[in-house]
Each structure stands twice: as structure tokens, then as C-alpha cells.
2 protein chains.
Amino acid sequence: MKLKIKKDLLLDGLTKVSKAISTKNLVPVLAGIKFELDENGLTLTASDNDITIQVFLEKNGNDMIIDHVGSIIIQGKYILDIVRKLPDEFINIEVVDDLKIIIYTENSEFNLNGISKSEYPNITLESSKNPILVDSRIFRSIINQTSFASSNDEARPILTGLNFKILGNTLECNSTDSYRLARKIIQLEQTVEDNYNIVIPSKNLLEFIKIMNDSSEKLELHVFNNKILIKFCNLLFQSRLISGTYPNTSNLLPDEFILNIKANIADLYNVIDRASILTSDKEKNIVTFEINTNTLYVRSSSAEIGRVEEKMSIENDGHESLKISFVAKYMMEALKSFEDSTVKISFVGEVKPIILSSEKDENLTQLVLPIRTY
Amino acid sequence: MKLKIKKDLLLDGLTKVSKAISTKNLVPVLAGIKFELDENGLTLTASDNDITIQVFLEKNGNDMIIDHVGSIIIQGKYILDIVRKLPDEFINIEVVDDLKIIIYTENSEFNLNGISKSEYPNITLESSKNPILVDSRIFRSIINQTSFASSNDEARPILTGLNFKILGNTLECNSTDSYRLARKIIQLEQTVEDNYNIVIPSKNLLEFIKIMNDSSEKLELHVFNNKILIKFCNLLFQSRLISGTYPNTSNLLPDEFILNIKANIADLYNVIDRASILTSDKEKNIVTFEINTNTLYVRSSSAEIGRVEEKMSIENDGHESLKISFVAKYMMEALKSFEDSTVKISFVGEVKPIILSSEKDENLTQLVLPIRTY
């Protein structure tokens with residue numbers, strides 16, 4: 001293998017695939033990045049068995065001069081650091097004596113020990129016949145607006161994933177840790193022949209959206225029995241699916257409310273943030289809403305530390321009063337998910353789910369369960 | 001105690017003194033900040049027994065309205081968070097029933113449990129008759145240019161401090177971890193009557209320069225037997241001294257050299273940075289300089305990972321060649337300490353100290369010990 005390649009092009013590819021390199025990998029070869037060079041360009045692949053990322057860098061004008069095709073595995077950590085720190089516009093990579101890699105520019109020369117391509121596990125990145133097309137920016141929103149509600153607790157693996165239900169031309173995404181629920185529903189541009197009900201690890205989807213560029217190209221979802229392949233621009237991202245049945249969340253959302261309030265999201269967020277200062281455990285700080293016509297009181301107290309009361313103006317369509325308690329962090333994360341300045345919060349009763357929605361973002365629903373404080 | 005105070009003023013004071021609050025403090029009252037209000041203003045004090053920080057917020061125009069003088073200890077962590085997050089321009093603080101603190105603005109009210117001033121340890125922040133005056137910007141440079149060379153190893157406590165030797169109108173600062181030495185000498189504007197040879201914990205001085213503002217006021221050093229008090233603007237900063245005899249470093253610096261090179265600091269830093277990529281232990285990566293008239297080769301190798309060679313142009317007054325090895329991190333930190341674009345590096349021999357100096361910064365000397373590689 002021998003090529004000369006534009007530094008920025010290579011660095012972008014290496015940065016993306018390196019997200020799939022695990023430092024605590026039990027299979028040493030998986031700490032490497034697979035370089036495969038053919039006449040059309042350079043394919044980079046990395047995998048930690050949970051996710052696999054592949055980037056194709058196409059030969060395009062003078063960005064790449066291909067001298068000898070071939071392939072090699074290079075230690076991911078070092079090659080990324082080398083390419084990042086070299087100041088030159090172009091970088092030469094050459095394999096000599098089968099497994100010796102030379103990376104050089106005018107004043108710098110790195111000699112690395114490579115690993116033969118044959119030692120790399122055989123990871124197939126196959127396409128399905130009928131991929132599901134999704135607008136890439138909407139896909140990014142779905143992940144950002146729902147993944148925070150997934151659980152981090154591996155004791156119930158199914159709740160650590162996002163549930164995608166695809167039926168006809170609708171994609172419904174649910175995320176719950178059993179204390180709250182985030183739901184986003186989008187309309188697809190095509191009608192999908194098969195129905196899908198899958199669970200994808202949330203942390204893998206978060207990795208994917210980190211390496212997505214801002215292209216307006218459509219994204220393709222290729223769903224298989226135990227894995228999903230996402231194709232986007234020159235990027236292939238494959239994740240395992242979580243097996244098991246996702247809890248049915250559709251009956252959780254009430255449709256009749258005794259009281260709706262409207263509030264400015266940033267203001268309400270800051271009020272709850274201040275109300276939750278007085279705690280030694282940020283994860284579990286309980287805050288109480290007391291709604292009194294057009295005033296919202298937000299209160300919290302801790303026997304050892306003290307207590308706090310905040311008040312703010314709200315719109316209230318019911319002119320009723322209500323007192324309800326919840327975990328501050330859950331409400332704050334739900335508020336932050338709306339791409340709007342105003343939120344509508346709907347209540348069924350003091351021990352019933354709290355529903356958040358917004359006019360601008362009708363397809364997003366956030367549910368937070370209240371906490372009994374008596 | 002009752003006052004109304006401008007938020008920004010209070011926040012600045014609290015942010016500064018809070019650096020002295022230790023979360024792992026064994027004396028619970030030291031997790032608090034002492035508020036002392038008299039007719040002239042508010043004094044804030046915090047201490048972790050190692051350092052004590054006191055800030056005086058002077059009543060000045062409408063920044064502060066003093067209603068009732070008095071004093072109280074408030075939990076440092078909470079009061080800082082509350083003041084930081086309140087959106088109001090002014091904040092009211094009131095003590096009721098002796099130990100109940102109310103912090104309030106138009107829409108927010110916090111009730112905190114306070115601690116009586118009488119429970120706070122009696123920390124004296126006394127002044128000496130003859131403080132040493134130092135330009136505050138020069139003082140900041142001294143700390144930044146030397147403290148990195150101190151040891152982090154508590155096994156030899158004396159090396160975790162900066163050695164200040166004050167004699168006549170000269171202040172000499174030394175810092176060494178026994179593998180390298182940083183020395184800065186400054187001229188004082190006055191001649192000091194007493195001589196001093198003290199060792200101040202480096203981490204404490206780093207805390208001090210973090211909270212220094214950019215005022216051009218002179219800074220006062222008040223030296224005592226086992227502590228030093230630094231006065232600067234409205235800030236008092238007291239640190240313990242490290243007892244013991246600091247190693248005599250004056251005979252370490254050679255004065256005759258066989259070879260001097262001059263190089264661009266940023267370029268040389270980057271070359272060494274790249275040469276030290278191929279290591280699994282960044283703390284101990286050994287790099288070799290090979291000087292050949294006007295070319296410097298920088299090499300490093302690791303049996304498992306590979307090897308690297310960088311070359312760069314230098315000025316060389318000796319036209320001799322030399323090969324010398326050292327720990328990359330030590331050389332890089334020494335290079336970074338110069339406020340100049342060019343460094344002079346002087347060599348005595350392959351196993352003798354390497355000396356770094358710069359024309360613009362004549363009072364700063366960096367020494368790095370070489371490593372025998374054969």
C-alpha cells in the first residue's frame with residue numbers, strides 16, 4: 001500500500017472511525033483501524049464489536065495520489081495522534097516488508113508496526129433491499145430529544161435503548177427509564193413495506209450523531225434481525241440491537257387534563273435549577289410545583305441544608321390550583337428538549353403523569369412521573 | 001446581620017474565598033464561609049487550614065446597603081451556587097433568630113441554616129512590619145514560569161514547594177523535582193532588611209494567581225516563621241510554609257558550554273510533541289536530540305509501537321555535533337515557560353545538564369537533566 005493524501009481528509013475519516021475503537025478491548029486487533037486502499041479511494045474501518053464505523057474517502061482530484069493499492073491494520077490511537085499533529089498539507093503512507101508502516105512528510109517520519117488485514121475479524125456491513133429513508137437533521141433531533149430519557153442501568157438492558165417503531169409512513173421513537181418517557185413521532189416520505197419494532201442502544205446513537213456532518217443528504221436505515229446499519233454520505237455506522245420486548249408505552253399518555261399551564265422554557269428551567277441547589281444529591285432532588293391561578297411557586301427543602309421558594313408568572317387555562325412534586329433533573333431535561341421558547345405543561349392530578357408539549361414541536365411529547373411526598 | 005448587595009460584587013468575593021473551601025474537610029465549619037458585616041463593608045473568609053483567603057468588599061456608593069451589622073457562617077457550596085444562579089442585580093441577605101439565613105430577591109427566597117461565628121477557628125491574618133513589595137504581574141510570571149517544575153510527590157515535601165530567597169533587593173525563586181530546575185531572579189524596588197529563605201507550597205501559589213485580578217497595584221509579602229500572608233488589593237491570602245532545608249541549587253547551573261543552539265520555541269515544541277506520540281507512558285517518554293551543525297534531529301522509539309524521526313533547522317554557534325536524551329515532557333514544559341519566540345539551549349556534554357534561556361527573558365533559567373540511554 002502506498003498513497004499520498006491530504007491531511008484534513010484523512011484526519012476527518014480517522015476521527016470518525018476512531019469513535020469505534022475501545023481502549024479496553026479484549027481483542028488487540030480491534031485497537032487498530034483497517035486501511036483498505038483500492039483504485040477508487042481509501043476505506044477506513046474500526047469496530048469494538050458493539051458498533052462498527054466505516055468511512056470511504058473517495059479519490060477526488062489531487063486530494064489523494066494512489067501509488068500502490070493494498071491494506072493494513074494500524075494502531076488507532078497512534079495514527080490519529082500522528083495525523084492530527086503533523087503540520088503538513090499532505091501525508092504519505094507506505095507499507096514496506098508487508099507489515100512496516102512508514103508515515104512521512106518533508107521533516108517527519110514515523111515507523112509503525114502494522115497488523116495483517118487477515119487478522120481482522122470478518123465484519124459484514126450488508127445493506128437491506130428496502131432501506132428506510134430519513135431526513136438526517138430530523139434524525140439528529142430525534143436522538144437529541146429522546147435519548148436522555150433512556151436508562152443507564154444495565155440491569156434492565158432494554159431500557160438503555162431507543163425504541164423505534166416503524167409502521168407505514170410513521171416512525172415513532174420512545175425512550176424511557178421507567179420514571180419518565182420521551183416520545184417523538186415523525187412522518188416518513190415513503191411508506192415502508194415491512195413493520196419494525198426495534199431497540200437501538202442510546203449511547204451508540206449518540207456516538208453516531210456526534211460524527212454526522214451537517215449535510216442535507218437523506219440517511220438510510222438498514223434494519224436486520226440483530227443489527228442496524230445507518231448509511232449517511234460516506235459513512236457506514238452499524239450497531240447491534242438490544243433483544244427483548246420494549247414496554248408498551250402508548251397507554252401511558254393521558255388525553256384528558258384538569259389543568260394546562262404555559263411558561264417560558266428558559267425562565268422555568270432557571271427557576272427549577274435554583275430550586276434544586278439545596279441538595280447533596282443532584283440526581284434525586286425533589287421539587288414541588290404549586291400552581292395558584294397565574295402564579296407558579298416552585299419549592300424544595302432539605303432538613304439539614306434549608307429550603308427555597310421561587311415564584312414565576314404563568315398562563316393557566318384552568319384557573320385551578322394544584323400541588324405536584326417531581327425529580328428536578330427529569331423536568332429540566334424534558335424542558336431542554338423542546339426547540340421552542342414556550343412549553344405547555346398538562347396535569348391530570350397530583351399523582352398522575354405530567355405531560356410537556358409545545359406548539360412548535362407538536363410531534364414531541366415528554367412525560368415525567370410525579371413523586372408522592374406524603 | 002442584614003444587607004442588600006450588588007450580585008456581581010458578592011459573587012466575585014465568594015468565588016475568590018471559595019477556593020479555600022475543601023470538600024473533604026474534617027472540620028465541618030470549614031465548609032462554610034464567614035460573613036462579617038460592619039459599617040465599612042463585608043468581610044468574607046474561608047480556610048482549609050492549609051490556606052486562608054479573606055476578601056473585603058468595601059461599601060462604596062449604592063453597591064451595598066447595610067441595615068444591621070453582624071456575622072454568620074454560611075455553607076460555602078450553597079451560597080456560591082445561589083448567588084451565581086440568581087438573575088437579579090441586587091441580593092438581600094438577612095439573619096433572623098440568630099442562625100437562620102434568608103437570601104432573597106423579588107421572586108426567589110432561600111432559607112439556610114447558618115453556624116455561629118463563635119464556632120469558626122480563630123485564624124489570625126497578621127501583617128509584618130516590613131512587608132516585601134513585588135509588582136503583581138511579575139509575581140504572577142514567577143509562579144507560572146517555575147511552579148510546573150515542583151514535585152507532586154509528598155514523599156519529599158520540601159520539593160513540592162517554591163523556594164523564595166530574598167536578599168537585599170533580589171528575589172530568587174527556585175523550583176525543582178530533582179530531574180529539572182526552574183529559576184527566576186527579579187530585582188525588587190526596595191532593599192529588604194531581613195534575609196528570607198522560605199518554601200511555599202506550589203499548589204497554594206497557583207491557587208493565589210488564579211484569583212488575582214489584573215490590577216497594577218503592588219503586592220505585599222508578609223513572611224513569618226511558618227506562614228506567609230500575601231496582600232493584594234482587597235484580598236488577603238495566607239499559606240503555611242513547608243519546613244525543612246531546600247536543596248542548594250546554585251551549583252547545579254554550569255557556566256561553560258560546548259555548544260549553544262537557537263531555535264523557534266513553537267516549532268521545537270511541536271517537533272518534540274510529535275516525537276513523543278509513540279509511547280504508552282506520556283510522563284516518561286524519552287526523546288533524543290542529535291545536533292549536526294544546523295540541523296536538529298529529534299528521535300524516539302518504542303520496541304512495540306515503532307519509531308519516529310523529526311528534523312528542523314537551528315542556529316548553532318559551535319558547529320559541533322552532540323547526541324543527548326531527555327524526558328520529552330520536561331523539555332516541553334521548560335520551553336513553554338519562556339515569553340519569547342526564540343530559545344537558546346546550551347549543552348555541556350551528553351550526560352550534563354541542559355540549560356534553556358532566552359534573550360527577552362534573561363532572568364529565567366530552565367535546567368533539564370539528560371537521561372543516559374546506553
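Which residues does A:Val327 touch, not counting residues up to four places away in sequence? In this predicted model, the contacts of A:Val327 are A:Tyr179, A:Lys284, A:Asn285, A:Ile286 and A:Ile371. A:Val327 is placed in strand β23 of chain A, which covers residues 321-327. The residue counts as buried because 20 C-beta neighbours lie inside 10 Å, and a residue is called buried if that number is 20 or more. A:Val199 is not in that list of contacts: 128 residues in sequence separate A:Val327 from A:Val199, and the C-alpha to C-alpha separation in space is 26 Å.

One of the residues that A:Val327 touches is A:Tyr179. Beside A:Tyr179 in the numbering is A:Ser178, which is found in the loop between β12 (170-176) and β13 (180-187) of chain A. Most residues other than glycine have a negative phi. A:Ser178 has a positive phi, near 85°. A:Ser178 is exposed, with 12 other C-beta atoms within 10 Å. In chain B, B:Thr293 also has a positive phi, near 40°. B:Thr293 is found in the loop between β19 and β20 of chain B, and counts as exposed because it has 11 C-beta neighbours inside 10 Å.

The strands β19 and β20 of chain B lead to a sheet that both chains build. Nine strands form this open sheet, in the order β5(A)-β1(A)-β7(A)-β8(A)-β9(A)-β21(B)-β20(B)-β19(B)-β23(B), and the pairing is antiparallel. At the edges stand β5 (64-68) of chain A and β23 (321-327) of chain B; each has a single partner strand, so one side of each is left without a neighbour in the sheet. From one strand to the next, the twist averages 15°.

Within the chain B part of the sheet, β20 (residues 295-302) and β21 (residues 306-313) run antiparallel and are joined by eight bridges. B:Val298 has B:Glu310 in β21(B) as its bridge partner.

Helices lie across strands of this sheet in both chains. In chain A, helix α1 (residues 7-17) lies across β1 (2-6) and β7 (90-96), and runs at about 95° to β1(A). In chain B, helix α6 (residues 328-336) lies across β19 (286-292) and β23, and runs at about 95° to β23(B).

The two chains also pair through β21 of chain A. Five bridges connect β21(A) with strand β9 (residues 108-113) of chain B, in the antiparallel sense. Here A:Gly306 stands opposite B:Leu112 in β9(B).

How many residues of chain A are in contact with chain B? There are 27 of them, and they meet 27 residues of chain B. On the side of chain A that touches chain B, α2 (76-85), β9 (108-113), α5 (265-275) and β21 (306-313) each supply at least two residues. The most comes from β21(A), with seven residues. By type, the residues on this side of chain A divide into eleven nonpolar, seven polar and nine charged.

The relation between the chains can be stated as a single operation. Two copies of a chain are related by a rotation about an axis and a shift along it. For this pair, a rotation of 180° with 0.0 Å of shift along its axis superposes chain A on chain B, with an RMSD of 0.0 Å. That is the relation of a two-fold axis. The same surface serves both copies, as 100% of the contact residues of chain A recur in chain B. Of the residues of chain A, A:Lys24 comes closest to the rotation axis, with its C-alpha at 16 Å.

Chain A is divided into domain 1 (2-119), domain 2 (132-240) and domain 3 (259-368). The centres of domain 1 and domain 3 of chain A, taken over C-alpha atoms, are separated by 50 Å.

Two hairpins in chain B remain to be described. Strand β24 (residues 342-347) and strand β25 (residues 354-357) of chain B pair in the antiparallel sense over four bridges, and form a hairpin with six residues between them. The bridge partner of B:Phe347 is B:Ile354 in β25(B). Next, β25(B) pairs with strand β26 (residues 364-368) of chain B, in the antiparallel sense, over three bridges. A hairpin joins β25(B) to β26(B) through six residues, and B:Ile355 stands opposite B:Leu367 in β26(B).

Note on methods. Residues are numbered from 1 along each chain as its sequence is written. Chains are lettered from A and ligands numbered from 1 in the order in which they are written. This is a predicted model: local features need pLDDT of at least 70, side-chain atom pairs count only at pLDDT 80 or more; totals for chains, interfaces and linings use all residues. Two strands pair if DSSP finds at least two bridges between them. Axes are lines fitted to C-alpha atoms, for helices over the stretch in contact, and angles run from 0 to 180 degrees between N-to-C directions. Two residues are in contact if their C-beta atoms, placed from the backbone, lie within 7 Å. Ala, Val, Leu, Ile, Met, Phe, Trp, Tyr, Cys and Pro count as nonpolar, Asp, Glu, Lys and Arg as charged, and the others, Gly among them, as polar. Copies are superposed by least squares on the C-alpha atoms of residues with pLDDT of at least 70 in both. Domain bounds come from an automatic or database domain assignment.
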